[in-house]
Every structure is written in C-alpha cells, then in structure tokens.
Amino acid sequence: MSAISVTHLGKSFGAVRAVDDLSFTVERGTLTAFLGPNGAGKTTTLRMILGLVTPTDGTAVIGGTAYRDLERPVSTVGAVLEATAFHPGLSARTHLEALRIAAGLEAGRVAHVLEQVDLTGAADRRTKGFSLGMRQRLALASAMLGDPEILILDEPANGLDPAGMRWLRGFLQACVHRGRTVLVSTHVLAEIGQIADQAIIIGGGRLAWQGPLTSRTDLEELYLEVTR
Ligand SMILES: Nc1ncnc2c1ncn2[C@@H]1O[C@H](COP(=O)(O)OP(=O)(O)O)[C@@H](O)[C@H]1O
Ligand SMILES: [Mg+2]
C-alpha cells in the first residue's frame, strides 16, 4: 500500500479551481518533490492530504486511511505547512515540551528532536531571537516529535541560505535512509531535485508531469517544458 494516494482530487474555492482531477501516489521510503509555480495548487493539495481542507472531488489517503480516521496521527504523519509562528517568549525546548505533553508522547522525545534538527545548543533561548533557518528547524522538530513514518513539508526551503539548504538536504536524506517517506513542495528545483526519487509537477491545479528522477534528469528543463 502506498504511503500517500491522491485520486481524482479536486478543490474549488468559489469560482477558483485550485486543484483539478489530480492523481498521484507516494511510495514508502521515498522522497518526492512536489513542484509547480505559485498558485498551482500545492498547498491546497497538501492541506487536503492532512484533512485541513475538504476536497470538492476525489480522495486523499495516508496508507489507505483518511487523515481524520488515522489511529495514531502524530506517529503516522508529521507536517510543516508554513513558517509557523512560535510564542516569542518561549524557548524552543518549552515550545516542544508543550506539544509533547499535549500529544501524550514520552519525555525523551524533546531532546531527541532538538538533536535531530541541530538545535540542542539553542534549545533554551527564546524563539524571538531565532533566525528564519532556526524557525524552520524548530517547525521540523515539532513535526518529528511523534517519530512519524511520513513527513509532509510545504516549501521548507523558503528563505534558507546555502548552508541552511545543505543542512535541509542532509536532514531529508537521513529521514529517507531511516525508512521514512517524505513529500516536499518546493520551487527550489535544483536543491531538492538532486535528492528526490520522483517528481510530481502541477500547473493550474492539474498534473503536468509525474515520474522518477535519475541523475540524468534535467529537472529545470523538464519543469519549464511542462509548466509552460
Ligand atoms: N482559502 C482559499 N480561498 C480562496 N482561494 C484559495 C484559497 N486557498 C487557495 N486558494 C487559491 O487556490 C489556488 C491554489 O493555491 P495554493 O494551493 O496556495 O497554490 P500553491 O501552494 O501551489 O502556490 C490559487 O489560485 C489560490 O489563490
Ligand atoms: Mg503554497
């Protein structure tokens, strides 16, 4: 069974057809780049997979189950949807601790995820002093708290400098090496394309291209061709 299956998915916001007849699958243990220009429907699709937006048509399931019917959602799928706002006066550790308790997870998880995202040294600083890259990593740490099988990230590369980009690539590769499944939307083609197993490219809410990536794929060329 695929980690994620989207079948004839559609969403209208009034007269705007944000997503239209979109179908794709994401297999376990793979990294999928979800690509498309601004307004293509990426965020709406990810929100439908996560049960945050109700589809107008079709279905989106995680391991065959709708998100709202998952028995253990936090250990099944972790998501970072946009640069999350944190309470500026709380430290990274306190922020994560509150989430951990709310989710009923074991005490050791906070230190573990702080280590995973390289924030151990900054864990007790207030988040108001955090750089954008540190905020992105704290959001990732929140998503990793339940040690989820699947990670869904919406534009995690936004605003990262080259060092942050390299870090993100390594982090995502390590997740996949540990058997996790990653679905990541991005418009930073080269950076994520280098490490993705497959690409799904959408335009105007519809599938433009889907297929495996190899070291020979010129993703930029392909993207420009199919989104023209
Ligand atoms: N809540 C909403 N209400 C109305 N229109 C929306 C809403 N969310 C998204 N849209 C529209 O749906 C289209 C797809 O948006 P989005 O999924 O955010 O694309 P992307 O993430 O690829 O940039 C855009 O035209 C956007 O303006
Ligand atoms: Mg978006």
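Strands here are DSSP runs of E with at least two residues, helices are DSSP runs of H or I with at least four, and both kinds are numbered from the N terminus. The model shown in every view is predicted.

**View 1. Surroundings of Val184 in strand S7.** Val184 is part of strand S7, which covers residues 181-186. The relative accessible area of Val184 is 0%, and under 20% is taken as buried. Val184 is therefore classed as buried. Beyond the residues up to four places away in sequence, Val184 touches Leu31, Thr32, Ala33 and Phe34, and also Leu153, Pro156 and Ile192. Gln173 lies eleven residues from Val184 in sequence, and the C-alpha atoms of the two are 12 Å apart.

**View 2. Leu31 and the nonpolar cores.** The largest nonpolar core holds 47 residues. Which residues have the most contacts inside this core? They are Leu31, Leu168, Phe171 and Leu172. With residues up to four places away in sequence left out, Leu31 touches Leu172, Val176, Val182 and Val184. The contacts of Leu31 also include Ile192, Ile195, Ala196, Asp197 and Gln198. Separate from the largest core is a second one of 26 residues, with Ala3, Ile62, Val77 and Ile200 among them.

**View 3. The shell around ligand 1.** The residues surrounding ligand 1 are Phe13, Val16, Ala18 and the run Pro37, Asn38, Gly39, Ala40, Gly41, Lys42, Thr43 and Thr44. By class, five of the shell residues are nonpolar, five are polar and one is charged. Strand S2 (16-26) and helix H1 (42-49) each contribute at least two residues to this shell. Helix H1 gives the largest share, three residues.

**View 4. Polar contacts and burial of ligand 1.** Oxygen atoms of ligand 1 are shown with their polar partners in the protein. A polar backbone atom of Gly41 is 3.0 Å from an oxygen atom of the ligand. In the side chain of Thr43, an N or O atom is 2.8 Å from an oxygen atom of ligand 1. For Thr44, a polar side-chain atom is 2.6 Å from an oxygen atom of the ligand. Ligand 1 taken alone exposes 560 Å², of which the protein buries 57%.

**View 5. Thr44 in helix H1.** Thr44, a member of the shell around ligand 1, is located in helix H1. Is Thr44 buried or exposed? Its relative accessibility is 12%, so Thr44 counts as buried. Apart from neighbours within four places in sequence, Thr44 is in contact with Lys11, Phe13, Ala18 and Val19. Of these, Phe13 and Ala18 also belong to the residues around ligand 1.

**View 6. Lys11 in strand S1.** Lys11 sits in strand S1, residues 4-13. With a relative accessibility of 13%, Lys11 counts as buried. A polar atom of the Lys11 side chain is 2.7 Å from the backbone oxygen of Thr54. Neighbours within four places in sequence aside, Lys11 is in contact with Val16, Arg17, Ala18 and Val19, with Thr44 and Met48, and with Val53, Thr54, Pro55 and Thr56. The C-alpha atoms of Lys11 and Leu22 are separated by 9.8 Å, with their positions eleven residues apart along the chain counted as the sequence separation.

**View 7. Ile152 in strand S6.** Ile152 belongs to strand S6. Its relative accessible area is 0%, so Ile152 is buried. Not counting residues up to four places away in sequence, Ile152 touches Ile4, Leu46, Ile49, Leu50 and Leu183, together with Val77, Gly78, Ala79 and Val80. Among these, Val77 is one of the residues in the second core. Leu81 is 71 residues from Ile152 along the chain, and their C-alpha atoms are separated by 7.8 Å.

**View 8. Positive phi angles at Asp118 and Glu155.** Asp118 is not a glycine, yet its phi is positive, at about 65°. Asp118 is located in the loop between helix H4 (109-116) and helix H5 (132-144). Glu155, also not a glycine, has a positive phi of about 50°. The loop holding Glu155 runs between strand S6 (150-154) and helix H6 (162-177). At 14% relative accessibility, Glu155 counts as buried.

Conventions:
Residues are numbered from 1 along each chain as its sequence is written. Chains are lettered from A and ligands numbered from 1 in the order in which they are written. This is a predicted model: local features need pLDDT of at least 70, side-chain atom pairs count only at pLDDT 80 or more; totals for chains, interfaces and linings use all residues. Side-chain values use heavy atoms; hydrogens and water are left out. A residue is near a molecule or strand if one of its heavy atoms lies within 4 Å of it. A polar contact is a pair of N or O atoms within 3.5 Å; within protein, one must be able to donate a hydrogen and the other to accept it, and residues adjacent in sequence count only if both atoms are side-chain atoms. Accessible areas come from the Shrake-Rupley method with a 1.4 Å probe; for residues, only the protein chains shown count as cover. Ala, Val, Leu, Ile, Met, Phe, Trp, Tyr, Cys and Pro count as nonpolar, Asp, Glu, Lys and Arg as charged, and the others, Gly among them, as polar. Buried means under 20% relative accessible area, exposed over 50%, partly exposed in between (1.4 Å probe, protein chains only). Contact means heavy atoms within 4.5 Å. A nonpolar core is a set of buried Ala, Val, Leu, Ile, Met, Phe, Trp, Tyr and Cys residues joined through side-chain atoms within 4.5 Å.
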